[in-house]
Amino acid sequence: GIYELRLNKGKGKDTCVVYIGSSCAKGGLCDRLSQYVTNGAHKTPLIQKALSAGTTIEARARTYKLCETARACENEMLAEFDYLWNIRNNMTPSKQEASVTALYGMTQPVFSTREVTA
């Protein structure tokens, strides 16, 4: 399946979808999302920075019967949207860090919530 992570500063529309990923491994989405909760997985510095800034990290997921379908959907989303925490088909690490820093320091909404219909 696929999953997205969203930052929420608790001010209405002061949210931003920052990451999309897929998981086809044994254990699937639950195990993958659990990795982010317990140790940050490969996004530990970004997750720690978000949490220390008082940001809530929310997740949503969608399951697929075939791994190939999930990966294709993830690639389509990466091609269409610019996720701050994704590097593949998205931002360079330096632009990523600058954007995330700007997000945490914002005093009014910079990003609005968008719904994904995948």
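**Figure 1. Burial and fold order in the predicted model.** Of the 118 residues of the protein, 39% count as buried. The model is predicted, not experimental. Its secondary structure comes to four helices and three strands. From the N terminus on, these elements run β-β-α-α-β-α-α. Contacts reach far along the chain: among those with a separation of 6 or more, 64% join residues 24 or more positions apart.

**Figure 2. The largest nonpolar core.** This core has 13 residues. Those with the most contacts inside it are L5, V18, Y19, Y36 and W85. Four elements give two or more residues to it: strands β1 (2-8) and β2 (15-22), and helices α1 and α2. A second, separate core has eight residues, including I2, A70, C73 and L78.

**Figure 3. Contacts of L5.** L5 is among the residues with the most contacts inside the largest nonpolar core. Neighbours within four places in sequence are left aside here. On that basis L5 is in contact with C16, V17, V18 and Y19, among others. The list of partners also includes L33 and Y36. I57, E58, A59 and W85 are in contact with L5 as well. One of these partners, C16, is buried, with a relative accessible area of 6%.

**Figure 4. The largest pocket and its lining.** The pocket has a volume of about 170 Å³. Its lining consists of L5, L33, Y36, V37, I47, L51, I57, E58 and A59. Three elements each supply at least two lining residues: α1 (28-39), α2 (44-52) and β3 (56-62). By class, eight of the lining residues are nonpolar, none is polar and one is charged. The charged one is E58, because Glu is classed as charged.

**Figure 5. I47, a lining residue in helix α2.** I47 lies in helix α2 and lines the largest pocket. Is I47 buried or exposed? I47 counts as buried because its relative accessibility is 8%, and buried means under 20%. Not counting residues up to four places away in sequence, I47 touches Y36, G40, I57 and W85. Two of these, Y36 and I57, also line the pocket. I47 and W85 are 38 residues apart along the chain, and their C-alpha atoms are separated by 9.8 Å.

**Figure 6. I20 in strand β2.** I20 lies in strand β2. With a relative accessible area of 0%, I20 is buried. Which residues is I20 in contact with, leaving aside neighbours within four places in sequence? The partners are I2, Y3, E4, E74, M77, L78, Y83 and N86. Two of them, I2 and L78, belong to the second nonpolar core. I20 and F81 are 61 residues apart in sequence, yet 9.8 Å apart in space, C-alpha to C-alpha.

**Figure 7. N86 and I87 in the loop between α3 and α4.** Both N86 and I87 are found in the loop between α3 (67-80) and α4 (93-104). Their exposure classes are as follows. N86 counts as buried, at 4% relative accessibility. I87 is partly exposed, at 41% relative accessibility. N86 is in contact with I20. From N86 to G21 the C-alpha distance is 8.5 Å, with their positions 65 residues apart in sequence. The C-alpha atoms of I87 and Y19 are 9.5 Å apart, and the two residues are 68 residues apart along the chain.

**Figure 8. The C24–C67 disulfide.** The count comes to one disulfide. C24 and C67 form the bond, with their sulfur atoms 2.0 Å apart. The pair links distant parts of the chain, 43 residues apart. C24 sits in the loop between β2 and α1, and C67 in helix α3. What is the handedness of the disulfide? The torsion about the S-S bond is about 105°, so the disulfide is right-handed. C24 is partly exposed, at 31% relative accessibility. C67 is also partly exposed, with a relative accessible area of 22%.

**Figure 9. C16 and C30.** The two cysteines fall on opposite sides of the exposure scale. C16 is buried, because its relative accessible area is 6% and the limit for buried is under 20%. C30 counts as exposed, because its relative accessibility is 65% and exposed means over 50%. C16 is in contact with L5.

Conventions. Residues are numbered from 1 along each chain as its sequence is written. This is a predicted model: local features need pLDDT of at least 70, side-chain atom pairs count only at pLDDT 80 or more; totals for chains, interfaces and linings use all residues. Side-chain values use heavy atoms; hydrogens and water are left out. On a 1 Å grid over the protein atoms alone, a cavity is a set of points where a 1.4 Å probe fits but cannot get out, and a pocket is an open set with protein on both sides within 12 Å along at least five of seven lines; lining residues have an atom within 4 Å of a point. Grid points are joined across faces, edges and corners, and a volume is the space filled by probe spheres set on the points. A nonpolar core is a set of buried Ala, Val, Leu, Ile, Met, Phe, Trp, Tyr and Cys residues joined through side-chain atoms within 4.5 Å. Buried means under 20% relative accessible area, exposed over 50%, partly exposed in between (1.4 Å probe, protein chains only). Contact means heavy atoms within 4.5 Å. A disulfide is a pair of cysteine sulfur atoms within 2.5 Å.
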